[in-house]
Amino acid sequence: MTEYTTSVSKGGCQIQAKQPLAEGTRFIFEMYAKKGAAPVEIGGRVTRCVPSPEPDLWEIGIAYVPSDGKREALER
């Protein structure tokens, strides 16, 4: 799935998605900060999923679950 963030912080991010995800769902995703820059691969856990004010979209809150060595890359 490819989605875009609507909010990014040190602890997590929010995306708008076409499909809901159950709270607690864990996954690995890639974050791109700049075009052409290497992505940061980071673990995530869904903390909330609610219908968006926009039709047919879901607002999904994701907490980062970085593995050892990934936290530094995420901070950058």
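At 11% relative accessibility, Ser-52 counts as buried in this predicted model. The residue belongs to the loop that links E4 to E5. Leaving aside residues up to four places away in sequence, Ser-52 is in contact with Gln-16, Leu-57, Trp-58 and Glu-59. One of these partners, Gln-16, lies in strand E2 and is itself buried, while another, Trp-58, takes part in the pairing of E5 with E2 as the bridge partner of Ala-17.

The wider setting of this loop is a protein chain with one helix and five strands. Read from the N terminus, the order of elements is β-β-β-β-β-α, with the helix following the strands. The protein chain has 76 residues, of which 30% are buried. Its accessible surface amounts to about 5,400 Å², and carbon and sulfur atoms account for 51% of that area. When contacts between residues at least 6 apart in sequence are considered, 44% of them connect residues at least 24 apart.

The largest nonpolar core comprises 11 residues, namely Cys-13, Ile-15, Ala-17, Phe-29, Met-31, Ile-42, Val-46, Cys-49, Ile-60, Ile-62 and Tyr-64. At least two residues of this core are supplied by each of four strands: E2 (12-17), E3 (26-31), E4 (40-51) and E5 (58-64).

Strand E2 is mostly covered, with six of its six residues buried. This cover extends to both faces of the strand. On one side stand Gly-12, Gln-14 and Gln-16, and on the other Cys-13, Ile-15 and Ala-17. The latter three residues also appear in the list of core members. Strand E2 pairs with E5 in the antiparallel sense, and the pairing runs over six bridges. Within this pairing, Ala-17 of the core has Trp-58 in E5 as its bridge partner.

Ile-15, which is placed in strand E2, illustrates how residues distant in sequence are brought together in space. Its C-alpha atom is 5.8 Å from that of Glu-59, although 44 residues separate the two in sequence. Ile-15 has a relative accessible area of 9% and therefore counts as buried, since the limit for that class is under 20%. Glu-59 is also among the residues touched by Ser-52.

Two cysteines, Cys-13 and Cys-49, are members of the core. Cys-13 is buried because its relative accessible area is 7%, under the 20% limit. Cys-49, at 17% relative accessibility, falls under the same limit and so is buried as well. A disulfide is a covalent bond between the sulfur atoms of two cysteines. A search of the whole structure returns zero disulfides.

Beyond the end of E5, Val-65 is located in the loop leading from that strand to helix H1 (70-75). Val-65 has a relative accessibility of 30% and is therefore classed as partly exposed, a class that spans the values between the 20% limit for buried and the 50% limit for exposed residues. Apart from residues up to four places away in sequence, Val-65 touches Arg-26, Gly-43, Gly-44 and Arg-45. For one of these contacts, that with Arg-45, the C-alpha atoms are separated by 6.8 Å, and the two residues are 20 apart along the chain.

Definitions and conventions: Residues numbered from 1 in each chain as written. Predicted model: local features only at pLDDT ≥ 70, side-chain atom pairs only at ≥ 80, totals over all residues. Heavy atoms only, no water. Buried < 20%, exposed > 50% of the residue type's maximum accessible area, 1.4 Å probe, protein only. Contact = heavy atoms within 4.5 Å. Areas by Shrake-Rupley, 256 points an atom, 1.4 Å probe, with all protein chains shown as cover. Core = buried A, V, L, I, M, F, W, Y, C linked by side-chain atoms within 4.5 Å. Pairing = 2+ DSSP bridges. Disulfide = S-S within 2.5 Å.
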